[in-house]
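Student: I would like to learn how the terms used for a structure are justified. Could we go through some of them slowly?

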2 protein chains.
Amino acid sequence: MDQPKLSTRQKNILDFIQRFLADNGYPPTIREIGEAVDIASTSVVNYNLNKLVEYDLLERAPEVSRGLRLVNNQPTMPVSVSDPAFGLQVPLVGKIAASMPLPVAGEDFGYYYDADDMIEVPQHMIGSADSQDLFALRVTGDSMIDAMVAEGDIVILKRQEIANNGDMVAVWLTERGETTLKHYFHEGGRVRLQPANPTMEPIYVDADKVNVQGRVLAVMRTLH
Amino acid sequence: MDQPKLSTRQKNILDFIQRFLADNGYPPTIREIGEAVDIASTSVVNYNLNKLVEYDLLERAPEVSRGLRLVNNQPTMPVSVSDPAFGLQVPLVGKIAASMPLPVAGEDFGYYYDADDMIEVPQHMIGSADSQDLFALRVTGDSMIDAMVAEGDIVILKRQEIANNGDMVAVWLTERGETTLKHYFHEGGRVRLQPANPTMEPIYVDADKVNVQGRVLAVMRTLH
DNA sequence: CTTGACATCGAACATGGGTTCGGACTATAA
DNA sequence: TTATAGTCCGAACCCATGTTCGATGTCAAG
């Protein structure tokens, strides 16, 4: 009973739980999940949670609020930090996966800038960008594979709403309800999102359905 | 407001939360704490929890069941043993492209270790590897595209002749006369070279026609 | 002795949050 | 067509759980 094809919803739920856990230290409630993944009824969330339990991807404590636990849960190994003297310290603010929006700058956002969540980035990788606007995301899932970004990669982004043609950006597609990394090309009233992998076809979206969240400055991948 | 003397109760509470968290993956309720630490009234537990928050040992999410989080007390791991406390300086010894062998270690090799050819790599990307054995290559051409490595990327390698199954390695294929990056699997008398991109087929080569040049530890990509 | 800060207790309150159930929709098979 | 399984909705139910408050006991300061 392992790894059957998960529905998009189930993936979203799993991703959300993971992110919520990392952000808050405790699991979300059924209703919180429902709101995040855009499910109207708590029973549907419940239904899908039980599915995930069947698939051995989740454990539940019955009758217990927030009684969720991810299996294979390695406690989000904090990226080791070193001396802030050299290289820049960039906040690792979360993960990026298909169908989940990025955390947005503002309000309580700076709250999470813990030392544990800072990651060192060599100066030469980011040029002269203002370190204030930088943040890092860890990529989960292989949804970015067509952008030459693999699971586990860390992408360094500069927070900005507008992009120039050719930029690699993280965009929120309101219609599809997902975030991806793509090369950005504004063409008339619409936007062409070009995968980095030349063998794959671009996708076209109306300009007002696209929400640029940041521009990718660098990618760091660690093997093993 | 730090580290005043904690009462025995408060210590017990803290200990219990920690244990409970490790056991269950989610924090305990006030009543669960009360029972464990032998406190009769929920209000007393509540009272002491707020004390712990004052002491910066705990965080609480108001109105949230199990809304507890231990503040991260444990220092983030001893890092950077080989103390250039910042990132390591790794020699950028050349480029890698299809049909070109890598420069081999030896003789006058150290000669080229010019300051200009050193590149900074964050410690966290290479773990505990001996910096002596490290070198970096810039990728040219898109021959590595099926290994999720693009033109212009910099790969950090550890010089070694033998590889373990699953390692990503730079290999020299004597027969084909080219070097590529692939995942390495020794299977009987031959070697399976598995592209990182799961949609692509592996290639098989006789073991004695394969020459491992180094193992890839990390990949760094700079956009723009 | 009186006062007040501190810790505790017990009880009541309000709502947060898991559970259940009937019904509707879709898709595939018979 | 009918049947069946999978998924989703909305509403109701009700216990779990955080919050609040008045009362009690303790102890050191005045």
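**Reasons behind the terms**

Tutor: Gladly, and please keep in mind that this is a predicted model. We can start at DNA strand C, where a phosphate oxygen is 3.0 Å from an N or O atom in the side chain of A:Arg60.

Student: What makes that pair with A:Arg60 a polar contact?

Tutor: A polar contact needs N or O atoms within 3.5 Å, and the pair at A:Arg60 is 3.0 Å apart, so it qualifies. A polar side-chain atom of B:Ser65 likewise lies 3.2 Å from a phosphate oxygen of the strand, whereas for A:Arg31 the partner is a base oxygen, at 2.8 Å.

Student: Why is the pair of A:Phe20 and A:Tyr26 called edge-to-face?

Tutor: Rings pair if their centres lie within 6.5 Å, and planes over 60 degrees apart count as edge-to-face; the centres of A:Phe20 and A:Tyr26 are 5.8 Å apart and their planes stand at 70 degrees, so the name applies. In chain B, B:Phe20 and B:Tyr26 also form an edge-to-face pair, with 5.8 Å between centres and 70 degrees between planes.

Student: How do you know whether B:Phe20 is buried or exposed?

Tutor: Buried means under 20% relative accessible area, and because B:Phe20 has 12%, this residue counts as buried. B:Tyr26, with 8%, is buried for that reason too.

Student: What makes B:Arg159 a charge over the ring of B:Phe135?

Tutor: The charge must be within 6 Å of the ring centre and within 35 degrees of the ring normal; B:Arg159 lies over the face of B:Phe135 at 4.1 Å from the ring centre, so the distance limit is met.

Methods:
Residues are numbered from 1 along each chain as its sequence is written. Chains are lettered from A and ligands numbered from 1 in the order in which they are written. This is a predicted model: local features need pLDDT of at least 70, side-chain atom pairs count only at pLDDT 80 or more; totals for chains, interfaces and linings use all residues. Side-chain values use heavy atoms; hydrogens and water are left out. A polar contact is a pair of N or O atoms within 3.5 Å; within protein, one must be able to donate a hydrogen and the other to accept it, and residues adjacent in sequence count only if both atoms are side-chain atoms. Rings of Phe, Tyr and Trp (its six-membered ring) pair if their centres lie within 6.5 Å; planes under 30 degrees apart count as stacked, over 60 as edge-to-face and the rest as tilted. Buried means under 20% relative accessible area, exposed over 50%, partly exposed in between (1.4 Å probe, protein chains only).
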